[in-house]
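Trainee: Could you take one sheet in this model and go through it strand by strand? I would like the pairing, the register and the packing in one connected account.

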Amino acid sequence: MQNQAEINRLKDVVQQLLDEAKHQGASAAEAAFSVDNGLSVSARLGEVETVEYHCDQGIGVTVYFGQKKGSASTNDVSPDSLKETIKAACSIARYASEDEYAGLPDPERLATEFPDLDLNHPWNIDAEQGIALAIECENAGRAYDKAISNSEGASVNSHQGTRVFGNSLGFLQGYQSSRHSLSCSVLAGNGGGMHRDYWYSVARNAANMESAQLVGQKAAQRAVARLGARSLSTRQCPVLFAPEMASGLIGALLGAISGGSLYRKASFLLDALDTQIMPDFVRIHEQPLLKGALGSASYDAEGVATQARDIVNDGILRSYVLSTYSARKLGLQTTGNAGGVHNLTVETGENDFAAMLKQLGTGLLVTELMGQGINRVTGDYSRGASGFWVENGAIQYPVQEITIAGNLKTMLRNIVAIGNDVDLRGNIRVGSILLEQMAIAGE
Amino acid sequence: MPLLLDQVKQSILVANGLQPQEIDQVMDTLLSAPLDAADIYFQSSHFESWSLEGGIVKEGSHSIEHGAGVRVVSGDKTGFAYSDRIELPILLEAANNVKAIVRQGQQARHKIETPKSWTRLYQPFNPLKSLDDQEKIDLLKRVDAETRKLDSRIEEVMVSLVAAYDNVLVANQDGSLAADIRPLVRLNVSVIMVENGRREQGSMGGGARSDYSYFLENDRALEYGREAVRQAQVNLQAEDAPAGNMTVVLGPGWPGILLHEAIGHGLEGDFNRKGTSAFSGRIGERVASDLCTVVDDGTLPGRRGSLSIDDEGTPTENTVLIENGILRGYMQDKLNARLMGVKPTGNGRRESYAHLPMPRMTNTYMLPGISDPEEIIRSVKKGLYARNFGGGQVDITSGKFVFSTSEAYLIEDGKITRPVKGATLIGNGPDVLTKVSMVGNDMQLDSGVGTCGKDGQSVPVGVGQPTLKIDGLTVGGTNV
C-alpha cells in the first residue's frame, strides 16, 4: 500500500533541490527527502509511563563541482531553507579537494525496476490502544515467575514514513515503509543478585509481530534464567553464539569486507577476495527483494540497483560490499551497498538450537556481549560476555563477568556449525554459530 | 544574561515567526490540565564536519536543524510531542495531544523555583565561523603533513574536524525562560601504520566548548597527530594480552571511563527511583575504598561535558557521588528529583528537542590522592598497566561493566615491560572501587572526546581520574 500523492509531494521537493543545485552551478547533485511519523508508548508497573508523538523530516543534498563534493542537510523544508542548504553544500564543494573517484554512480548501474516489496503497513493504533498493549505485555512478564522482582516496563512503537531519492541523472524514486515493535524489560532477584533481561519483536506489519504475551514471557524467562549467575575460571573452550549474538559476529565480518574499510586498508581481510575465509559449508548471500522483510530495497542510498548475490560461498569470499565511491577507489564495480546490506542471509545447517547445544557438548553458550572490543584492522576480538555453562549438551548454570577473546580471522575459519534457529529481527539473518574454541577470562 | 536570552529568543523564536509572548499561549494550554510540570524546549543547531584522508579534504557537510519539544509530567507519567516547525498552531496541537496523558491526574501543581542567574561556562560564539573555510582546510592539511613526517611506516592518516553551535531556550511552567548558547568543537586524528605486513592503528583527539582556535593553541592539533602515531608505534610491538584476574593499574585521564561505566550510570536518578540499579537504596553505604572521592561536575569552564544550565534550565552543579568511599548522592533531573524528594542536580539532559530529558552525567571524575604514580607501578609484582581505552558499557542492574584498552603494558616486578594488545576488562560496579588500594596525585581530565549513549540518546561528556591501582580485575586477553 503506497500513498502516491505523498510520494509525489516529496518528489517535487527533491526535484526543486536538484534544479536549485544546477542553478547554483553544480555539475551534478543528488538529494533525499524523508518524512517519518510515529507513536511510542511505554508502561511500567501496570500504568502508562510515557506517550511520545514523533514527527521527523529531513532533507539531505550532495553536490558536485566536477570532482569536488559537498553535502548539507536540514529539517527545515521551507523554500528559503532549501536554497540555503544548497548554498551551504556548494560552498563546501568549492573548498573541498579534487577527488578523482568522487561522483554519481554510472548511469547503467541505477535501478530501473521497482517491484512492490510490501514494506508499508501502517498500524492504526492510538495512544490508548498502545498503552493497553504495553500493559498486557508487561503484565505477562511480571506474572511469569515469582522471581520477577521489578520492571523497566514494556513499550510499543509504531513508525511510518516516506522516503524519496533523486539525482541529476534523472533518477527520482520514492516509497513508503512502516516499522513496528513491541518490547519488554523485567528484573529478577534482589540486591546484589539482581538481573535484567529483555525481549522484543519487530516487523513491517504489526500482525507479524509476536504477541504481547509472548514478548513479556520471553523477557521474564530470560531474566529468571540469569539468577545465580557466576563467573568461570580462565580457560579455553568451545563457544556457541546464540542467534542474536551471532549476527554481531557476521556484522564484524561485514565491516571488514566493506569498501570503506578496504580502501582505507583498515581491515583484517585485505586482499582476501577469492580466498577461503570460512569453512567450505558456509554460504552468505544478500536477498534484497524479499517481500515484507526489514532490510528489503530495490535500490541503495545512491539509486544503484541492489543485487541478490553470494558474498561468501564454499567458504570463499566472492564479493566485497561496495558503494560507487569505494568501488572506484578499489578499481571495482559498486555492489549496490551504499548505505549497507539488504537482508544478509547466512545459510543454515540442519541443526536446531537443541542440536547445536548437543554439538557444543561442553562449553560456553553466549547470550549477551558487552563493549566494543573488536579491532577491525587486526581482527583482535575481546568482549565482555554472559550466558550459560553447558555440559554434555545440557545447560548447567548461568555465567557472567567473563570475557571471550580471539582473533576474527581464526574465529571465522573455526566455525563448526550454523544452526537453523534464525533470528529474523534484523538485517542480518543468521542462526546460532558454534566456534571450535575461544579464550575465556574470569575469576 | 538578558543579552544572551534576547539573542536566543531572536535566533530561535523570532527567526521562525513565533512571538515570545505566544509561548504563554502554549503553556496556558498545557496548564489547563492538572499536572506537576510542563516545559517547552526550543532548539536551533548548526553543525559542520570536514574530513581528510588520502591527503585530501574530500568531504564536508553542513546541517541546520531546529524544532521544539513540548512535555507535560504528572506523577511519573510523561506526555511528549515535538515538531521541527516552530509555529503557534503546531505547538498548540502538540500541547493538546500531550496533555491527554494527565487526564486522570490528581496531582497539584508543584511550585518550582527557577534560578534567575548562573555562571556562564563558555563564550556564546559560533565556532563554525571562527575560521573561514579555507583556514579549516589548511588546518586539516597541516595536521596531515606534519603527522606523516613523524614515521615512515605511516600508511594512512585520517583527520576530522567538527563543530556544533547549539542555541536552546527552555520555557518552564512558572513562566521563566532559560537560554543557553553552546559551542562545541572536536578534532580527531587516526593513523594506520604497517611494518613487515603487520598493520596497526592509533588515534587521538580532543575538543572543548570553545571555537576552532582551541586546536591552534599550543599546537594541540599537531599534538593529537603525534599521540596517534605514538600509540600506533606501541601497538606494532604489542604481544597477546594476558587472560584472567590480576592487579590493574589505570593511567590518568581518559581511563576515568571506568568511573563513568562502573558507577556513574548506576547513580543516575531514574534507575535509582525505579530500584533497577545495583546502587539503589545504598546512599550512606560504603561502595569504594576510603581513598575514593568521585564527583560529577558540570561547572568546569569550557569542558566538553560542561553546561551552564542543563536541558531543563537548571544550573549545573558539582555533585559529590562518592565521598571517601561512601555513597553520597545521585544525579537528578527534575522529574526524578521530585519523585525522590530531593533537589535536581542539573543533570537533566537530552540529545535534542526531539528527545525526552533524563538524568545524564556531565564531567565525572575522581579527586587526586597522595601516591606518586611511579610508586604505584613499583608496588605491583605482576599485573597490567592500562594507559588508554576505547569505549565501555554497563548493565546497571547486575552492575557488570566493561571497558576496552587501546594501549596497555605488562607490569613485571614493579616495572612496565612489554606492550600488549587491546583487551576488554570486566568487573562489577558496586565492588570494583572497594578494590582501589592506591590513588595517584596526578589527576587529569580527558582531552574532550567522550560521547555517552543511553536509551538511544547521545550527549557529550567528560571523564577523569588520577592513576589508580585496582587489586583484581578480569582482563580479557587471549593468553590463557
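Mentor: In chain B, β13(B) and β22(B) run parallel and are joined by 3 bridges. Strands pair here if DSSP finds at least two bridges between them. The register is given by N363(B), whose bridge partner in β22(B) is G462(B). The model is predicted, so local features need pLDDT of at least 70 and side-chain atom pairs pLDDT 80 or more, whereas totals for chains, interfaces and linings use all residues. Residues are numbered from 1 along each chain as its sequence is written, chains are lettered from A and ligands numbered from 1 in the order in which they are written, and side-chain values use heavy atoms, without hydrogens or water.

β13(B) also pairs with β8(B), this time antiparallel, again through 3 bridges. Across that pairing, D296(B) stands opposite T364(B) of β13(B). The side chains of β13(B) alternate: N363(B) and Y365(B) point one way, T364(B) and M366(B) the other, and all are buried (under 20% relative accessible area with a 1.4 Å probe, protein chains only; exposed is over 50%, partly exposed in between).

These strands belong to an open sheet of 6 in chain B, with mixed pairing and the order β10-β9-β8-β13-β22-β19. Its edge strands are β10 (326-327) and β19 (444-445), each of which pairs on one side only. At the β19(B) end, 2 bridges link β19(B) to β22(B) (residues 462-465) in the antiparallel sense, with L445(B) bridged to G464(B) of β22(B). Helix α7(B), residues 257-264, packs on the sheet and touches β8 (294-297), β9 (318-323), β13 (363-366) and β22 of chain B. Its direction makes about 105° with that of β22(B). Contact means heavy atoms within 4.5 Å; the axes are lines fitted to C-alpha atoms, for helices over the stretch in contact, with angles from 0 to 180 degrees between N-to-C directions. Helices (H or I, at least four residues) and strands (E, at least two) are DSSP runs numbered from the N terminus.

For comparison, chain A has an open sheet of 5 strands in the order β10-β9-β8-β11-β16, also described as mixed. β10 (316-317) and β16 (428-429) of chain A stand at the edges with a single partner strand each, so one side of each has no neighbour in the sheet. The partner of β10(A) is β9(A) (residues 309-313), antiparallel and joined by 2 bridges. Within that pairing, N313(A) has I316(A) as its bridge partner.
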